[in-house]
Amino acid sequence: MPKKGVLAVISGFSGAGKGTIMKELIRQYPYFLSVSATTRKPREGEVNGREYFFHTKEEFEHMIAEGELIEWAEYVGNYYGTPKKAVEQQLAEGKDVLLEIEMQGGMLVKEQFPEAVLIFITPPSYDELKSRLQGRGTESAEEIERRLNRAGEEVAYMKSYDYIVVNDELTEAVNRVNNIITDEHYRVSNSMDLIADMDRELGRHAEGE
Ligand code: ADP
Ligand code: 5GP
């Protein structure tokens with residue numbers, strides 16, 4: 001059996017650059033990026049099954065009822081959730097899995113997977129956040145306002161994360177996130193089999209076998 005993969009939760013204010021960092025990570029490394037389900041409408045260029053699985057509210061509620069989601073949350077008027085099956089499968093196969101989700105979801109994942117590593121992405125400043133959200137050009141002024149208000153509430157979650165990565169220079173932020181996840185493999189808790197093997201063999205040695 002391969003060693004289980006690392007489960008990484010990546011969260012941050014809307015416009016922080018999470019999506020951009022995820023794209024770079026999967027372009028450069030063999031991560032599995034979980035595709036979430038959502039009830040929000042696709043943005044221009046978004047493809048069903050690639051950025052998100054786009055669903056109606058009824059379909060989404062059915063998935064909740066059937067226990068198909070690891071976690072779900074409401075964000076600025078829409079549902080978002082992480083499909084369970086693919087994530088569990090990929091982790092079991094030893095792949096490192098990325099969940100790009102908001103913070104209530106992040107907390108729920110930590111409860112179910114205490115070994116998950118939680119990474120918070122933030123832009124260097126409020127001004128930069130606002131200008132990135134505006135510059136992306138995918139939301140109306142009202143929607144941007146709602147997302148900035150939500151960001152104000154989300155600050156409270158920052159302290160619950162394991163790491164904060166400032167996305168100032170993109171390449172640097174991508175490398176930092178990759179390094180954090182890579183280092184998780186070297187945690188003692190990820191080597192319990194090795195410890196048990198050593199313990200058994202050295203125990204035998206002590207008994208003169
Ligand atoms: P999120 O997924 O966190 O909502 P995006 O990845 O969509 O954010 O990024 C928001 C905007 O900021 C996009 O237009 C993106 O091109 C831009 N962006 C992302 N990272 C950087 C960066 N390091 N420097 C400058 N602009 C960035
Ligand atoms: P957007 O509409 O900008 O794509 O995403 C809005 C917010 O929803 C972002 O903070 C994003 O991380 C979060 N999100 C995306 N997928 C999920 C998910 O499966 N679960 C949760 N809880 N949040 C998600």
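In which sense, and over how many bridges, do strand β8 and β9 pair? In this predicted model, strand β8, which spans residues 117-122, is joined to β9 by 4 bridges, and the pairing runs in the parallel sense. Within this pair, I119 has Y163 of β9 standing opposite.

The two strands belong to an open sheet of 5 strands, arranged in the order β2-β7-β1-β8-β9 and paired in parallel. The edges of this sheet are taken by β2 (32-33) and β9 (163-166), each of which has a single partner strand, so that one side of each is left without a neighbour in the sheet. Helix α7, formed by residues 170-184, packs on the sheet, where the helix touches β1 (7-12), β7 (97-100), β8 and β9. The direction of α7 makes about 160° with that of β9.

A second pairing, antiparallel in sense, links β5 and strand β6 (residues 78-83) over 6 bridges. Strand β5, comprising residues 69-75, is mostly covered, since 5 of its 7 residues are buried. Along this pair, E71 stands opposite T82 in β6. The hairpin of β5 and β6 has 2 residues between the strands, and V76 in this hairpin takes a positive phi near 40°.

Among the helices, α5 (residues 126-136) and α6 (residues 141-154) have axes that come within 11 Å of each other and cross at roughly 150°. Because angles over 145 degrees count as roughly antiparallel, α5 and α6 are therefore roughly antiparallel to each other. The crossing of α5 and α6 is right-handed. On the side of α5 the contact is made by L129, K130, L133, Q134 and R136, while α6 contributes I144, R147, L148 and A151. By character, the residues of the contact between α5 and α6 divide into 5 nonpolar, 3 charged and 1 polar.

Turning to a loop position, N48 is found between β3 (36-38) and β4 (52-54). The relative accessibility of N48 is 54%, and because residues over 50% count as exposed, N48 is placed in the exposed class. When neighbours within four places in sequence are left aside, N48 is in contact with F53 and F54. With respect to V166, N48 is 118 residues away in sequence and 30 Å away in space, taken from C-alpha to C-alpha.

Key:
Residues are numbered from 1 along each chain as its sequence is written. Chains are lettered from A and ligands numbered from 1 in the order in which they are written. This is a predicted model: local features need pLDDT of at least 70, side-chain atom pairs count only at pLDDT 80 or more; totals for chains, interfaces and linings use all residues. Side-chain values use heavy atoms; hydrogens and water are left out. Buried means under 20% relative accessible area, exposed over 50%, partly exposed in between (1.4 Å probe, protein chains only). Two strands pair if DSSP finds at least two bridges between them. Axes are lines fitted to C-alpha atoms, for helices over the stretch in contact, and angles run from 0 to 180 degrees between N-to-C directions. Angles under 35 degrees count as roughly parallel, over 145 as roughly antiparallel, 65 to 115 as roughly perpendicular and the rest as oblique. A crossing is left-handed if the near helix is turned anticlockwise from the far one by less than a right angle, and right-handed if clockwise. Contact means heavy atoms within 4.5 Å. Ala, Val, Leu, Ile, Met, Phe, Trp, Tyr, Cys and Pro count as nonpolar, Asp, Glu, Lys and Arg as charged, and the others, Gly among them, as polar.
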